[in-house]
Amino acid sequence: MGQEKVAVFRKAHFNAAHRLHVDSWDEQHNNEVFGKCNNPHFHGHNYELIVKVTGPVDPVTGFVVDLKLLNDVIQAEIIQRFDHKNLNLDTQEFKNLIPTAENIAIVIYQILRQKLDLALELQIRLYETERNFVEFPVA
Amino acid sequence: MVYLTRLEHFNAAHKLYNPNWTKAHNEAVFGLCANENWHGHNFELFVTVKGNPDPDTGFLMDVKVLSQIVNDRVIEALDHKNLNIEVPFLQGKMCTTENLAMAIWDQIVPHLPDKVHLHCIKLYETPRIYVEYFGE
């Protein structure tokens with residue numbers, strides 16, 4: 001025991017408004033590419049986040065990572081930042097980055113990566129709707 | 001009597017904000033939901049009608065027709081929209097899930113076939129929060 005890798009998961013959720021829009025394109029091109037998601041008055045989603053952490057089981061604690069501590073980091077770094085926000089208007093991360101599910105997952109990964117032991121692998125799965133979800137990084 | 005339900009969904013932005021109150025009062029009552037720049041949800045809508053099956057078709061009503069009514073009268077108006085700004089039948093109303101469910105009821109009732117009655121609008125704002133309205 002001790003060297004076996006195990007994946008552990010923590011779920012969280014946040015609600016946010018957003019809009020998919022490229023400033024350098026005209027309205028027609030934005031509408032062709034993004035359709036209803038380009039609505040200038042925004043729309044929104046219930047985002048469901050699954051954070052996957054993979055690593056060896058600590059022989060003393062029996063943990064890969066303390067899921068309570070992982071949850072505290074997710075709440076402090078991700079949920080506080082994005083919950084009930086307008087991703088385009090209210091967050092620094094998407095001032096100049098289009099807030100697609102793909103980009104949101106990458107941003108969440110980059111934020112959490114800095115807070116976790118580098119010996120642990122990290123993967124983000126983000127549901128924008130029940131039917132649309134993304135993963136980063138690709139396994 | 002049988003009950004028939006059709007499930008539809010839409011995504012929208014809104015905020016809970018009473019324009020007659022100060023910003024501070026809105027934030028005290030509605031908390032994060034009062035964010036002036038909006039937030040949003042994936043809404044799940046369950047529309048339940050009731051009546052007796054037609055003896056020839058065995059249908060209470062053609063569920064494709066029910067879906068078409070809900071899409072034409074409700075989803076088209078709400079999906080990927082800002083509920084506070086862009087929805088004619090919500091103008092002047094607080095965009096709570098309660099008020100949204102009651103307004104959806106009013107949009108559907110006039111278009112149902114004879115002898116088919118709307119029984120319930122069940123509307124999920126999140127997977128953990130929903131309201132039911134029975135027209136009472």
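Start in chain B and select B:Lys122 with B:Phe46: the charged end of the lysine sits over the ring, 5.1 Å from its centre. A charge counts as over a ring if NZ of Lys or CZ of Arg is within 6 Å of the ring centre and within 35 degrees of the ring normal. Keep B:Lys122 and add B:Tyr130; B:Lys122 lies over the face of this ring too, at 5.3 Å from the ring centre.

The model is predicted, with pLDDT of at least 70 needed for local features and 80 or more for side-chain atom pairs, while totals for chains, interfaces and linings use all residues. Residues are numbered from 1 along each chain as its sequence is written, chains are lettered from A and ligands numbered from 1 in the order in which they are written, and side-chain values use heavy atoms, without hydrogens and water.

Next, the ring pairs. Rings of Phe, Tyr and Trp (its six-membered ring) pair if their centres lie within 6.5 Å; planes under 30 degrees apart are stacked, over 60 edge-to-face and the rest tilted. Over all chains this rule gives eleven aromatic pairs. Select A:Trp25 and A:Phe34, a stacked pair at 5.9 Å centre to centre with 20 degrees between the planes. A:Phe34 is buried at 17% relative accessibility (buried is under 20% relative accessible area, exposed over 50%, partly exposed in between; 1.4 Å probe, protein chains only). A:Trp25 is partly exposed at 30%.

Move to A:Phe82 and A:Phe94, a tilted pair: 6.0 Å centre to centre, 50 degrees between the planes. Both rings are in buried residues, A:Phe82 at 0% relative accessibility and A:Phe94 at 2%. Finally, add A:Phe14 and A:Tyr47 to the selection: ring pairs link these two, A:Phe82 and A:Phe94 into a cluster.
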